[in-house]
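Reader: I'd like a close look at one part of this model, with the cut-offs spelled out as you go. Start with the overall picture, then zoom in.

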Amino acid sequence: MEREIITTADGSKTIHIKDWDEQYHSKHGAVQEAYHVFIKKGLDLYKNQELRILEIGFGTGLNAFITLLETEARKLTISYTGVEAYPVSKEEILELDYVKKLEATAHSGEFELLHSVPWNEEVEINNCFSLKKEKKFFDQIENIEDFDLIYFDAFGARVQPELWTVQIFDKMYKSLKQGGVLVTYSAKGSVRRAMQEVGFTVERLPGPPGKREMLRARK
């Protein structure tokens, strides 16, 4: 499918898939969306602890990089697993230029490591952040009570409804420790009902720019 780099409303870039008219991040602001959904409504629940995070849709690595940048202030030690079936190319990563947008040149080496580490091998990126990228489909996830927090950042249900089913959310539920949390930009009723069907307690929260609501689910 044809892909292009576009600039979103906050000045940060994302990848646009023309055939689907779908983006990797919100066209209303890629960085703003990442901070609102995954940091403010997810990571901010945790401080002064070891934390295991699963990201559904590693994609451009934006969520992982922002999480890495936020670890020290929260005194967290994070083990981060990113699942991705179709890795983004090195050329696209360079063109997105997230290090410059986030004013994080001091961490440029760590950003490069996020994208250059081998797949399916856990690697220490710095003293408080390790990464394991798993190249597989979401329905192949078989973890049991392994994660504290899930960033559910799959392509939207409009274009990939099979990623937002009871079957997938059952896997997410089983992957979380008791009390674990899943956050996602989506607020669709069908998504909320699928989460509830597998046992999640679900709350609607104010959404990022361009979206009225988002969902946070707790085991």
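What radius of gyration does the chain have, and what would a compact globule with 219 residues have? After that, please zoom in on the contact of α2 with α5: which residues make it?

Author: First, the small print: this is a predicted model, where local features need pLDDT of at least 70 and side-chain atom pairs count only at pLDDT 80 or more, while totals for chains, interfaces and linings use all residues. Numbering runs from 1 along each chain as its sequence is written, and side-chain values use heavy atoms, with hydrogens and water left out.

Now your number: the chain has a radius of gyration of 16 Å, which agrees with the value near 17 Å for a compact globule with 219 residues. That radius is taken over C-alpha atoms, and the globule rule is 2.2 Å times the number of residues to the power 0.38. Along the principal axes, the C-alpha atoms fill a box of roughly 45 × 40 × 30 Å. Of the 219 residues, 56% count as buried (under 20% relative accessible area; exposed is over 50%, partly exposed in between, with a 1.4 Å probe and protein chains only). Among contacts with a separation of 6 or more, 67% come from residues 24 or more positions apart; contact means heavy atoms within 4.5 Å.

There are 7 helices and 11 strands, taken as DSSP runs numbered from the N terminus (H or I, at least four residues, for helices; E, at least two, for strands).

On to your pair. The axes of α2 (residues 62-74) and α5 (residues 108-116) come within 11 Å and cross at roughly 140 degrees. Those axes are lines fitted to C-alpha atoms, for helices over the stretch in contact, and angles run from 0 to 180 degrees between N-to-C directions. The two helices are therefore oblique to each other, since under 35 degrees counts as roughly parallel, over 145 as roughly antiparallel, 65 to 115 as roughly perpendicular and the rest as oblique. The crossing of α2 and α5 is right-handed, with the near helix turned clockwise from the far one by less than a right angle.

Who's touching? α2 brings Ala64, Phe65 and Leu68, and α5 brings Glu110, Phe111 and Leu114. That contact splits into 5 nonpolar, no polar and 1 charged (Ala, Val, Leu, Ile, Met, Phe, Trp, Tyr, Cys and Pro are nonpolar, Asp, Glu, Lys and Arg charged, the others, Gly among them, polar). An α-helix has 3.6 residues a turn, so residues three or four places apart point the same way.
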